[in-house]
Amino acid sequence: SDIGSQKDRVVTEAEWLQKWEMGNIGFHKEQGHPLLQKYLDVLLNGRSGLRIFFPLCGKAVEMKWLADMGHYIVGVEVSEKALKEFFAEHGVPYHEEPVPEISGAKKLQSTSGNISLYCCNIYDLSSSIVAQFDGAWDRGALVAVNPCDRQRYVNLMITLMKKNSSYLLATVSYDPNKHKGPPFYVPESEIKSLFG
Ligand code: SAH
């Protein structure tokens with residue numbers, strides 16, 4: 001029944017920005033995610049120099065891991081503070097530029113060009129702006145999307161992926177009657193129907 005009550009719950013953009021302002025970011029993993037390490041081979045599948053997408057990226061340290069392995073990283077995140085902290089905490093120099101196609105959006109790009117982080121709402125992106133990806137790391141992304149936007153999010157992600165790409169999705173299995181988050185419960189059956 002609580003899955004039902006979650007369906008209408010919404011976390012607004014303003015609430016996310018406020019979490020970053022307050023440093024209320026318990027979701028951030030300083031050490032990176034063990035599941036990415038575990039399934040790295042599935043993501044890369046023997047390929048090098050991949051374009052890898054991080055939806056709702058926060059300041060995920062995995063972006064630095066994969067960039068250091070020679071891959072090209074594109075992330076999207078509404079909080080500019082998160083993105084600036086990412087570059088600062090890894091000592092990566094960057095520059096900022098506007099994104100002509102999206103009013104108010106900015107792209108923060110490492111000087112060496114291998115990490116491009118869009119500061120905007122993910123729903124403003126399209127394949128004509130960021131092109132398509134060989135891989136995606138979806139952690140704290142599908143589960144953070146408001147339930148009413150899930151299908152829209154998945155449809156967008158599908159248009160951003162190349163044929164033969166790999167999409168690693170991390171969700172959390174728990175009893176939604178006992179725990180409220182993080183922040184939304186996505187059952188496996190729904191993952192199957194969303195992605196088809
Ligand atoms: N994937 C990251 C962050 C997970 S928390 C990690 O693993 O640490 C979800 C993040 O998505 C937050 O930083 C929030 O600010 C951002 N966010 C939420 N809705 C968004 C949207 N519609 N577009 C872009 N970013 C969004």
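This passage describes the surroundings of the ligand and a pair of charged side chains in a predicted model.

The space that the ligand takes up is the largest pocket of the structure. Around the ligand stand 15 residues, and those that come nearest are W20, L56, E77, I122 and R139. By residue type, this shell is made up of 10 nonpolar, 3 polar and 2 charged residues.

Several contacts to the ligand involve the protein backbone rather than side chains. In L56, a backbone N or O atom is found 2.8 Å from a nitrogen atom of the ligand. For I122, the corresponding distance from a backbone N or O atom to a ligand nitrogen atom is 3.0 Å, and for V78 it is 3.2 Å. L56 and I122 are also listed among the residues that come nearest to the ligand. The ligand, when taken alone, exposes 580 Å², of which the protein buries 93%.

Charged side chains were examined next. Side chains of opposite charge can pair when their charged atoms come close. Over the whole structure, 12 salt bridges are found. One of them joins the side chains of K84 and E80, with a distance of 2.9 Å from N to O. Both K84 and E80 belong to helix 6, which covers residues 80–89. Within this helix, K84 and E80 are 4 residues apart, a separation of about one turn.

How values were computed: Residues numbered from 1 in each chain as written. Predicted model: local features only at pLDDT ≥ 70, side-chain atom pairs only at ≥ 80, totals over all residues. Heavy atoms only, no water. Near = heavy atom within 4 Å. Polar contact = N/O pair within 3.5 Å; in protein donor to acceptor, adjacent residues only side chain to side chain. Areas by Shrake-Rupley, 256 points an atom, 1.4 Å probe, with all protein chains shown as cover. 1 Å grid on protein atoms, 1.4 Å probe; cavity = no way out; pocket = protein on both sides within 12 Å on 5 of 7 lines; lining within 4 Å. Sits in = over half its atoms within 2 Å of the grid points. Nonpolar A, V, L, I, M, F, W, Y, C, P; charged D, E, K, R; others polar. Salt bridge = Lys/Arg side-chain N within 4 Å of Asp/Glu carboxyl O. Helix = DSSP H or I, 4+ residues; strand = E, 2+ residues; numbered from the N terminus.
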